[in-house]
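Okay, thanks for coming, everyone. Let me put this one up on the screen and then walk you through what I'd look at.

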Amino acid sequence: MTTTTPVLAGQATAEQPPRTMAGRVRKRLNSRTATAVSIIIALIWTVPTFGLFLSSFRPEDDIKQTGWWTFFTNPQLTLDNYNQVLFGRSSSSGQLANFFVNSIVITIPSVLFPIAFAALAAYALSWINFRGRDWLYIGVFALQIVPLQMALVPLLSFFSRGVSLGGITLLPAWDLDNEGKFVQVWFAHTCFALPFAVFLLHNFISQLPGELMEAARVDGAGHSKIFRSVVLPLITPALASLAIFQFLWVWNDLLVALIFAGGGREVAPLTVRLAELAGTRGGEWQRLTAGAFVSIVVPMIVFLSLQRYFVRGLLTGSVKG
Amino acid sequence: MATVTYTQATRIYPGTERPAVDHLDLEIGDGEFLVLVGPSGCGKSTSLRMLAGLEDVDEGSIHIDNRDVTHLPPKARDIAMVFQNYALYPHMTVYENMAFALKLRKTSKAEIDRRVKEAAGLLQLEEYLGRKPKALSGGQRQRVAMGRAIVREPQVFLMDEPLSNLDAKLRVQTRTQIASLQAKLGITTVYVTHDQIEAMTMGHRVAVMLDGVLQQVDTPRALYDKPSNVFVAGFIGSPAMNIKTVSLTDGGAKFIDMIVPLTREEVEKARANGGGDKVTIGFRPEDCDLVGPTEGGLPVVVELVEDLGSDANVYGHAALDGVSERFVVRTDRRHMPNMGDTVFVKPRADHNHAFHAATGERI
């Protein structure tokens, strides 16, 4: 039988109350009160940041004596804090410009490497048939439960002593100094990011329709071509959201950078310097406010420019097409 | 231009006992349009995918034009495939979709352009070359999928239920388009469908499969007129043939008081090989008449009458050996019975099919 009756759908949805639980919840979340409440929550959430922002422009004496809200009765603004923090020459001031560059040098490779490796691994784990594939994936997945802190010492010893087994050196020590320490940070960040990145991208890549891969194979594409021409363009939203996550994590990271790069001026990122400002110059926290905003600027730019993908990336798995 | 030969080709999915395709022997001629048809899970798609190289061949071999392709990867087989959901690359325009395979073969830009334009012209896709698949309707996507296969100028076209995502009207239209396109290009085509009307209208020959086993390969006409077993008889034709297993007498098959005459040889064959005194008789709804109460027809109580406009299908039941059996008869609109009436059904002589009651094979 070929004749099928066309199903009349979408007629009776508009006015009836939604039948499912999810439908009711969705409807309530769309109401005006819900919108108003969420706007209020958002405002309350923003107040501390706003206070910090305002403080960063107030003169030193004002900051130390009064709260930021007194600004409205006694408006006085200055760029002194930023000036000191970014370009100050004395060792007690920030000199953040230098650390800012370090942060960028650390972050960019630490974002690109894990994403590149994870995309390749996720493709292989999803679409190449080989023995033990599922166990390998489960292993990678399980690695997520290893806390970062547990891996610090072994990784550090791996860098400084290399790997030896029963007196035989398998890998020599890395012997990295000064700027070379960046490599250690990149390596560490890549290692720590990979399990989650593989997991996330695997979810995306394995949900691409199999017929697409088959069509590409029939068209004459090999794995590398399929990966580049079919898979990569289709998972850009996932790559972008992963990039945002990883970027924020690396940019805000203090622990890994401090341990693997040390606090030296040539290699330490912004976060290390900010921590020092707070620790050694606790009294001068007018600089802290400005410093914090300098370090926020880049994540803000990244987030706003990739936000489009971010939202889409979170939805891609659930919504077809 | 190529022939395709399956020799004892078998596919057993890992972890299953029963082969998905069981020792398939099939020869497809040069330029032939062969349709593989069967209920879902019968192995027709698997057979096609084995030919495409997307599925391993566990036993036997497959040849394209006398070249053994059994273990070659898809790209070495020179085939093009149209998928059920089209599998268009969503991030590429229609033009790029069609050009993708050619680019991979390092065809020159001018040649790619010529072939894509030509295929687009053939399929009325010229206006849409710059669009992405999501901006196309179902029918247009289907044509792009066809176009992607055509530009390859392959040795064999493989189509896996390419019409099942279209609405009924478009399906009928596209059906004829594909058939005429195939005739024009003259490329050997293997077409998989579960729809027997598609199979009967499009195929030069039709192969019916069940549970991984090939049941019969023949022209649509022969398949309809001489089904080789009970399954084929019941599968081909709509509404389905009336197939009943009844008692056998020396004169023929006994439907209550009506005797469907069988020749002496037929009766002997039915009795052999454990057939006992039963025989399976089939007659098509259109191969019987409604007769008067005294003319020796089978009394059937009408349950439902389907008025199709041109004629009508009468559904009803009759008690055979105490068991209520359903019957379908196609009748003239002028003589439509009412629900609850008793009509007398008489199969036309020489239009019935006899099958062995135990083996189901045609006698």
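**A walk through chains B and A**

Let's start with an annotation: UniProt, in an unreviewed entry, places "domain: ABC transporter" at residues 4–236 of chain B. Keep in mind that what you're seeing is a predicted model. Over that stretch, residues 4–236 of chain B, we get 36% helix and 24% strand, and the C-alpha atoms at the two ends sit 25 Å apart.

How confident is the predictor in chain B, going by the average pLDDT? The average comes out at 91, and 100% of the residues in chain B score at least 70. For the model as a whole, ipTM is 0.84 and pTM is 0.80.

Now, the domain assignment. Chain B is given domain 1, residues 4–234, and domain 2, residues 239–356. Taken over C-alpha atoms, the centres of domain 1 and domain 2 of chain B are 38 Å apart. And how many residues of chain B are in contact across the two domains? Five from domain 1 and seven from domain 2. On the domain 1 side of that contact, the split is three nonpolar, two polar and no charged residues.

Next, some backbone geometry in chain B. As a reminder, most peptide bonds are trans, and most residues other than glycine have a negative phi. So where are the exceptions I'd flag here? The peptide bond from Ser238(B) to Pro239(B) is cis, with omega near 0 degrees. Pro239(B) belongs to the loop between α8 (230–235) and β11 (242–249) of chain B, and residue 239 is also where domain 2 of chain B begins in the assignment.

Then there are two residues with positive phi. Lys106(B) isn't a glycine, yet its phi is near 60 degrees. You'll find Lys106(B) in the loop that runs between α2 (94–104) and α3 (109–122) of chain B. Is Lys106(B) buried or exposed? Exposed, because there are 6 other C-beta atoms within 10 Å, and the cut-off for exposed is 12 or fewer.

The other one is Asp211(B), again not a glycine, with a positive phi near 50 degrees. Asp211(B) sits in the loop between β9 (205–210) and β10 (213–218) of chain B. With 16 other C-beta atoms within 10 Å, Asp211(B) counts as partly exposed.

Okay, over to the interface. In chain B, 24 residues are in contact with 20 residues of chain A. Which elements of chain B give two or more residues to that side? They are β6 (79–82), α2 and α5 (168–185). As for composition, the chain B side has 15 nonpolar, three polar and six charged residues.

Last stop, chain A. There are 14 helices and two strands in chain A. The UniProt record, also an unreviewed entry, annotates "transmembrane region" at residues 34–54, 99–123, 135–159, 186–205, 226–251 and 288–306 of chain A. Let me pick out two of those. Residues 99–123 of chain A are 100% helix and 0% strand, with the end C-alpha atoms 37 Å apart. Residues 288–306 of chain A are likewise 100% helix and 0% strand, with 28 Å between the end C-alpha atoms.

And two overall numbers for chain A. Of its 321 residues, 29% count as buried. Looking at contacts in chain A between residues at least 6 apart in sequence, 71% join residues at least 24 apart.

That's my tour, so let's discuss.

Methods. Residues are numbered from 1 along each chain as its sequence is written. Chains are lettered from A and ligands numbered from 1 in the order in which they are written. This is a predicted model: local features need pLDDT of at least 70, side-chain atom pairs count only at pLDDT 80 or more; totals for chains, interfaces and linings use all residues. pLDDT is the predictor's confidence in each residue, from 0 to 100. Helices (H or I, at least four residues) and strands (E, at least two) are DSSP runs, numbered from the N terminus. A residue is buried if 20 or more other C-beta atoms lie within 10 Å of its own, exposed if 12 or fewer, and partly exposed in between; C-beta atoms are placed from the backbone. UniProt positions are given in the numbering used here, feature names are shortened, and annotations may be inferred rather than shown by experiment. Ala, Val, Leu, Ile, Met, Phe, Trp, Tyr, Cys and Pro count as nonpolar, Asp, Glu, Lys and Arg as charged, and the others, Gly among them, as polar. Domain bounds come from an automatic or database domain assignment.
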